[in-house]
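Hi everyone, thanks for coming. I'd like to walk you through one structure today, so take a look at the screen.

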Amino acid sequence: QVQLQESGPGLVKPSQTLSLTCTVSGGSITTAYYAWSWIRQPPGKGLEWMATIGYDGSTYYSPSLKSRSSISRDTSKNQFSLQLSSLTPEDTAVYYCARDDSDIYDYWGQGTQVTVSS
């Protein structure tokens, strides 16, 4: 059984950079042909896909966030991470990591609340 666990700071200040990490257990992030994604849900809004890293390290970004986002991985720790810069209060959301199996998100973390506030 694949399990994902997000970790992050909870509260960050405007203009700072958010760093989130997803630790994966029960499966390797290098197993073909899975991909690994970050998705967020602002309060009262729908889910928003942010970025994906493939089993081979290829990366994909939402056009609206590409200039502020960076997704990476540490295969030795079976983790993947997201950095989001130039934060504003509009980045307040629950952030999820998920496994992407041919465009189906079949495993999710429980989510981590990130609040951007001074």
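**Charged pairs, a core and a disulfide**

Let's start with glutamate 48, which is partly exposed at 22% relative accessibility. One thing to keep in mind throughout: this is a predicted model.

So who does glutamate 48 pair with? Its salt-bridge partner is arginine 40, and the closest N and O atoms sit 2.7 Å apart. Arginine 40 is a buried residue, because its relative accessible area is 5% and buried means under 20%. If pairing like this is new to you, the general idea is that side chains of opposite charge can pair when their charged atoms come close.

Arginine 40 also forms a salt bridge with aspartate 91, with 2.8 Å between the closest N and O atoms. That pair ties together distant parts of the chain: arginine 40 is in strand S4, aspartate 91 is in the loop between strands S8 and S9, and they are 51 residues apart. Aspartate 91 and arginine 40 are both buried. Zoom out a little and you get a network of salt bridges linking Arg40, Glu48, Arg68 and Asp91.

How many salt bridges does the structure hold? The count is four. Another one to look at joins aspartate 106 and arginine 99, whose closest N and O atoms are 2.6 Å apart. Here aspartate 106 is partly exposed, at 29% relative accessible area, while arginine 99 is buried, at 8%.

Okay, on to the greasy part. In soluble globular proteins, nonpolar side chains tend to be buried together. The largest nonpolar core in this model has 24 residues, and those with the most contacts inside it include Leu4, Trp36, Phe80 and Tyr95. Strands S3, S4, S5, S8, S9 and S11 each give at least two residues to this core. Which strand supplies the largest share? That would be S3, with four residues.

Click on tryptophan 36 if you want to see who surrounds it. Skipping its neighbours within four places in sequence, tryptophan 36 has contacts that include Val2, Leu4, Val24, Phe80 and also Arg99, the residue from our salt bridge a moment ago.

Last stop: there is one disulfide. Cysteine 22 and cysteine 97 form it, with their sulfur atoms 2.1 Å apart. The link runs from strand S3 to strand S9, between cysteines 75 residues apart in the chain. It's right-handed, with 65° about the S-S bond. Cysteine 22 is buried, at 0% relative accessible area, and cysteine 97 counts as buried at 0% too.

That's my tour, thanks for listening!

Terms used:
Residues are numbered from 1 along each chain as its sequence is written. This is a predicted model: local features need pLDDT of at least 70, side-chain atom pairs count only at pLDDT 80 or more; totals for chains, interfaces and linings use all residues. Side-chain values use heavy atoms; hydrogens and water are left out. A salt bridge is a side-chain nitrogen of Lys or Arg within 4 Å of a carboxyl oxygen of Asp or Glu. Buried means under 20% relative accessible area, exposed over 50%, partly exposed in between (1.4 Å probe, protein chains only). A nonpolar core is a set of buried Ala, Val, Leu, Ile, Met, Phe, Trp, Tyr and Cys residues joined through side-chain atoms within 4.5 Å. Contact means heavy atoms within 4.5 Å. A disulfide is a pair of cysteine sulfur atoms within 2.5 Å.
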